Amino acid sequence: MGGGGGSIGGAIVPSVKSGLPAPSSELPAPAPIPPPPVYQLHPPQVPASDRAVVEAEVREDDREAAETDKDLLCPICMQIIKDAFLTSCGHSFCYLCIVTHLQNKSDCPSCASYLTTNQIFPNFLLNKLLIKASAHHIAKHASPTEQLRQALQQGCDVSVKEVDILLVLLAEKKRKMEQEEAETNLQIMREFLHCLRKQKLEELNEIQNDLQYIKEDINAVERQRVELYRARERYSVKLRMLSDDPNVRSSWPSLIDKRNSSNMSIGNSVRGGQFWVGGGASQSRAAAAANVEAPPITSQPLQRKDACSGADSQNTTQPGVAVARKRRVHAQFNDLQECYLHKRRYWAKHGQKQEEKDSNHVQREGYHHHHHHPGLKDFQSVLSSFTRYSRLRVVAELRHGDLFHSANIVSSIEFDRDDEFFATAGVSRRIKVFDFASVVNEQEDIQCPIVEMPTRSKLSCLSWNKYTKSHIASSDYEGIVTVWDVNTRQSIMEYEEHEKRAWSVDFSRTDPTMLVSGSDDCKVKIWCTKQEASALNIDMKANICSVKYNPGSSFHIAVGSADHHIHYYDLRNISQPLHVFSGHRKAVSYVKFVSNTELASASTDNTLRLWDVKQNIPLRTFRGHTNEKNFVGLTVSNDYIACGSETNEVFVYHKDISRPAAWHRFSSETNEGGGDDPGSYFISAVCWKTDSPTMLTANSQGTIKVLVLAA
């Protein structure tokens, strides 16, 4: 899938806005006003039998006070009257309220009688009542301390003895309050220190365990080095013994010819540790035709000569490669440390049975590698694969059409079942199929597709059938899902049930007749190539951006939605998802299965995430690329995850490391026409070649590149 924004004019990843709940129109009932507290040195004890009578009297007083307060409200502002004035018709108002009213109208707000400013007079009696009511209200709601303060300020008659008693009581109250506050502070401090001590002890215990793991692994690595050294020495002794045997020496020429031929074949098929696609047989024949002198047999079988140049490629490159790999370790040390400790702790808790199983297996194999802990072996695999590559190298580049026209956006690019062909689709309304070997080996300016099929609408996604090599499915902007036969260039089935644009389609790996699609109509549909109507329908609440079958099951699908979530369904029960994965902050634009239990997702929140669909837990978050609005592609292969970026770059992540392992920037062509800003281009589609470091990438400019991971 791909999209565009700005001057490119492509599609934008759909999003939803969460509305705030409407505020309730019902207000909570006001709490009853408590009776006014009375400050007394010796409060009287109320008998239980009289308590109900007292409470009833208090409630009656409160009701009467409330009714009195209503009589003191200004009919205009509905507040306690301030500076009361009386009208000739007998109604009282705030002075400012009635004067303001009479400036606009000449009637009484209460009875509508004719009224002017000459017919209003000060209400002295009501003003006195208001002052008393205000004082009573303040006294009623004042705290005991405030009442005492007011009483003393108003010159209440108090004897010296009573003042002394008050001072003693106040001093005792102060002492108790200070003591309680001190006890509370000490209790809080004690709890804090206990929590801190517990946390630090746990950290210390974890560090001690980590140090023990590291110590064990250092010893295991050292033992392995000793074993390798001894094995090499034993091999050297055997070579020396063979060199003294005249029968073996006479057979050396034929052995040397065989070894030289083998080295030439390897040297041409794998150069510098990189995979070369196509042409392997012809390269081997060419190398064999060259008259190259055979290298002498040495006591170090791990080193070999380059058959083409005769130079010792291992000797010349090994130190530099080792230094470069060490530099990568130091550059990503924190992430690698986190990965090592995570795997070591995990296996320490869960790997005992697996360790015993592996140990038994290793002993049966007779391989002396049983010293390695499973966690160490797991991390060693990560370290080896992560440090092996540091960049993406361009193997081939494919341009077609007008380079600066927005109709060249490639929304989807996919390899077929055997990685022999790849297909592209996008807003050009065409599915184009290319021969991968020709693109890589025939470096021409413009490559023509071997198959081209026109469509009625812009295309958003492609999916090859993993069993029938010639079948490919597409989804388009009109919501139509189509299954094509590439050999006949005709559509086999067309499904038109989606009401809006369909963003994603995917064939099941385990059942070649089933496919799934998702659309802006908030529906996920399951189709069968043997019937015209959908086999299953899942209604959701937000736009569907991506759908994907679990590669190990025909019943489980992952759905990336504009509601920021990933919904994982078992199609045997679609009433609710098995699990909803939450963590992304914006729309989930892609979902791809790394394995049967691991799911990768991409979002317009600038992150990729990895999930465990078996344990329903998040595993890792990847950051480094930029993706805020467009479909930029997502692809997975073994240990690596790749995606595009709105900076016109391709990023590759190792699935165990959160930061990018390698990246490549597409260079924008010179814009002679002065049209679009080259900086507005973005990567729109990516696809790994199966079990290979080779990847297809395409951008919104219409350029397709074949990239390979390199050291």
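**Figure 1. The RING-type segment of the predicted model.** An unreviewed UniProt entry places the feature "domain: RING-type" at residues 74-111, and the view shows that span as it appears in a predicted model. The end C-alpha atoms of residues 74-111 lie 14 Å apart, and the span is 26% helix and 18% strand. Helix α2, which covers residues 95-104, has C97, I98, V99, H101 and L102 as its buried residues. These buried residues of α2 pack against β2 (92-94) and also against β3 (120-122).

**Figure 2. Cysteines C74 and C108 and their nearest cysteine neighbours.** With a disulfide taken as a pair of cysteine sulfur atoms within 2.5 Å, the count comes to zero disulfides. C74 is in no disulfide, the nearest cysteine sulfur being that of C77 at 3.9 Å. The relative accessible area of C74 is 0%, and C74 is therefore buried. C108 is likewise in no disulfide, and its nearest cysteine sulfur, that of C89, is 3.5 Å away. C108 is buried as well, with a relative accessible area of 2%.

**Figure 3. A nonpolar surface patch and a salt bridge within helix α5.** The side chains in this view include L152, V158, V163, L167 and L170, which make a nonpolar surface patch of about 410 Å². Helix α5, running over residues 160-243, contributes the largest share of the nonpolar patch, with three residues, and L167 has its place in this helix. Also shown are E172 and R175, whose side chains meet in a salt bridge with an N to O distance of 2.6 Å. E172 and R175 are three residues apart in helix α5, so that about one helical turn separates them. E172 counts as partly exposed at 33% relative accessibility, and R175 is partly exposed with a relative accessible area of 42%.

**Figure 4. The salt bridge between R344 and D217.** The structure holds 25 salt bridges, and one that R344 forms with D217 is shown here, the closest N and O atoms being 2.9 Å apart. This pair links distant parts of the chain, since R344 lies in helix α10 (residues 333-350) and D217 in helix α5, with their positions 127 residues apart in the numbering. R344 counts as buried at 1% relative accessibility, and D217 counts as buried at 5% relative accessibility.

**Figure 5. The salt bridge between E598 and K655, and a salt-bridge network.** The side chains of E598 and K655 meet in a salt bridge, at 3.0 Å from N to O. The two residues are 57 residues apart and link distant parts of the chain, with E598 in strand β24 (residues 598-603) and K655 in the loop between β29 (649-654) and β30 (660-665). Both E598 and K655 are buried. A further part of the figure shows D416, R417, D418, E420 and K469, which are joined into one network by salt bridges that share partners.

**Figure 6. Segments annotated as WD repeats.** The feature "repeat: WD" is placed by UniProt, in an unreviewed entry, at residues 495-527 and 581-621. For residues 495-527, the end C-alpha atoms lie 8 Å apart, and the span is 0% helix and 55% strand. The second annotated segment, residues 581-621, takes in strand β24 at residues 598-603, where E598 of the preceding figure is located.

Conventions
Residues are numbered from 1 along each chain as its sequence is written. This is a predicted model: local features need pLDDT of at least 70, side-chain atom pairs count only at pLDDT 80 or more; totals for chains, interfaces and linings use all residues. Side-chain values use heavy atoms; hydrogens and water are left out. Buried means under 20% relative accessible area, exposed over 50%, partly exposed in between (1.4 Å probe, protein chains only). Helices (H or I, at least four residues) and strands (E, at least two) are DSSP runs, numbered from the N terminus. Contact means heavy atoms within 4.5 Å. UniProt positions are given in the numbering used here, feature names are shortened, and annotations may be inferred rather than shown by experiment. Patches are made of residues with over 30% relative accessible area and no salt bridge: like charges are joined within 9 Å, nonpolar side chains (Val, Leu, Ile, Met, Phe, Trp, Tyr) within 5 Å. Accessible areas come from the Shrake-Rupley method with a 1.4 Å probe; for residues, only the protein chains shown count as cover. A salt bridge is a side-chain nitrogen of Lys or Arg within 4 Å of a carboxyl oxygen of Asp or Glu.
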